[in-house]
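Trainee: I should like to go through this model helix by helix and then consider the contacts between them. May we begin once the structure is in view?

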Amino acid sequence: MDQPGFTTSLVVACLIRVPSEVVKQRAQVSASSRTFQIFSNILYEEGIQGLYRGYKSTVLREIPFSLVQFPLWESLKAQEPPVRRSRVW
C-alpha cells in the first residue's frame, strides 16, 4: 500500500464526505427544510467553515481506521480460498 498516496486519497475523500455529512445531519434535525435550502443556510450563516465542521476529527478518525482495515481485509481475502460457483442456466 502506497502510504502517502493512500493518506492523500483519504484526506481528499473527506473534502467531499464531510460537507455532505454536515448537510445530511442538519436535514435529519429539521425535516421541514429542503437539502439545497439547508446547504444555502449553512453557507450564509457560517460560511465555508460551516460545511467543514468536524473535518479534522473525521480525518484523524479515518486514517488510523483505514490503515488497519485495508491490510486486514487483504490478508483475510488472501487466506480464504476462492469460491467456485456453478453455472445455473
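**Helices, salt bridges and surface**

Mentor: Let us start with α4, whose 25 residues reach 36 Å from the first C-alpha to the last, close to the 36 Å expected at 1.5 Å a residue. Please bear in mind throughout that the model is predicted.

Trainee: On which residue is the kink in α4 centred?

Mentor: The end-to-end span of α4 is close to the expected value, yet the helix does contain a kink. The bend amounts to about 30 degrees, and its centre is S66.

Trainee: Which residues of α4 are buried?

Mentor: A residue is called buried when its relative accessible area is under 20%. E62, for example, has a value of 14% and is therefore buried. The full set in α4 is Y55, T58, V59, E62, I63 and S66.

Trainee: How confident is the prediction, and which helix has the lowest confidence?

Mentor: The protein chain has an average pLDDT of 86, and 94% of its residues score at least 70. Confidence is highest in helix α3, residues 48–51, at 95. The lowest mean, 87, belongs to helix α4.

Trainee: Turning to α1, where does its kink lie?

Mentor: Helix α1 covers residues 3–29. Its 27 residues reach 38 Å between the end C-alpha atoms, close to the 39 Å expected at 1.5 Å a residue. The kink, of about 30 degrees, comes shortly before the proline P19, at L15.

Trainee: Is V22 of α1 buried or exposed?

Mentor: The limit for a buried residue is under 20% relative accessible area. V22 has 9%, so it falls below that limit. It belongs to a buried set in α1 that also includes F6, L10, C14, V18, P19 and V23. V22 is thus buried.

Trainee: How far apart are the C-alpha atoms of V22 and I42?

Mentor: V22 lies in helix α1. Along the chain, V22 and I42 are 20 residues apart. In space, their C-alpha atoms are separated by 9.1 Å.

Trainee: What is the C-alpha distance between V11 and Y55?

Mentor: V11 is found in helix α1, and with 28% relative accessibility it counts as partly exposed. Y55 is among the buried residues of α4. The two are 44 residues apart in sequence, while their C-alpha atoms lie at a distance of 9.2 Å.

Trainee: Which residue of α4 forms a salt bridge with R17?

Mentor: A search of the whole structure finds six salt bridges. In one of them, the closest N and O atoms of R17 and E62 are 3.6 Å apart. This pair links distant parts of the chain, 45 residues apart, with R17 in helix α1. Its partner in helix α4 is E62.

Trainee: Why does R17 count as partly exposed, and which other residue joins R17 and E62 in a salt-bridge network?

Mentor: Partly exposed residues lie between the limits of 20% and 50% relative accessible area. R17 counts as partly exposed because its relative accessibility is 32%. The residue that is linked with R17 and E62 in a network of salt bridges is R61.

Trainee: With which residue of α1 does E46 form a salt bridge?

Mentor: E46 lies in helix α2, and the partner is 20 residues away along the chain. The closest N and O atoms of this pair are 2.8 Å apart. E46 is partly exposed, at 24% relative accessible area, and the partner in helix α1 is R26.

Trainee: Is R53, which also forms a salt bridge with E46, buried or exposed?

Mentor: The closest N and O atoms of R53 and E46 are 2.8 Å apart. A residue is exposed when its relative accessible area is over 50%. At 52%, R53 is therefore exposed.

Trainee: Which helix supplies the largest share of the nonpolar surface patch?

Mentor: The patch consists of F36, F39, L43 and I48, which together have about 380 Å² of accessible area. L43, partly exposed at 33% relative accessibility, lies in helix α2. The largest share, three residues, comes from α2.

Trainee: Which residue follows α2?

Mentor: The 12 residues of α2 should span 16 Å at 1.5 Å a residue, and its end C-alpha atoms are indeed 16 Å apart. The residue after this helix has a positive phi, near 75 degrees, and is G47.

How values were computed: Residues numbered from 1 in each chain as written. Predicted model: local features only at pLDDT ≥ 70, side-chain atom pairs only at ≥ 80, totals over all residues. Heavy atoms only, no water. Patch = residues over 30% accessible without salt bridge, like charges linked within 9 Å, V, L, I, M, F, W, Y side chains within 5 Å. Areas by Shrake-Rupley, 256 points an atom, 1.4 Å probe, with all protein chains shown as cover. Salt bridge = Lys/Arg side-chain N within 4 Å of Asp/Glu carboxyl O. Helix = DSSP H or I, 4+ residues; strand = E, 2+ residues; numbered from the N terminus. Buried < 20%, exposed > 50% of the residue type's maximum accessible area, 1.4 Å probe, protein only. pLDDT = per-residue confidence, 0-100. Expected span 1.5 Å × (residues − 1). Bend = angle between axes of the 7 residues up to and from the residue.
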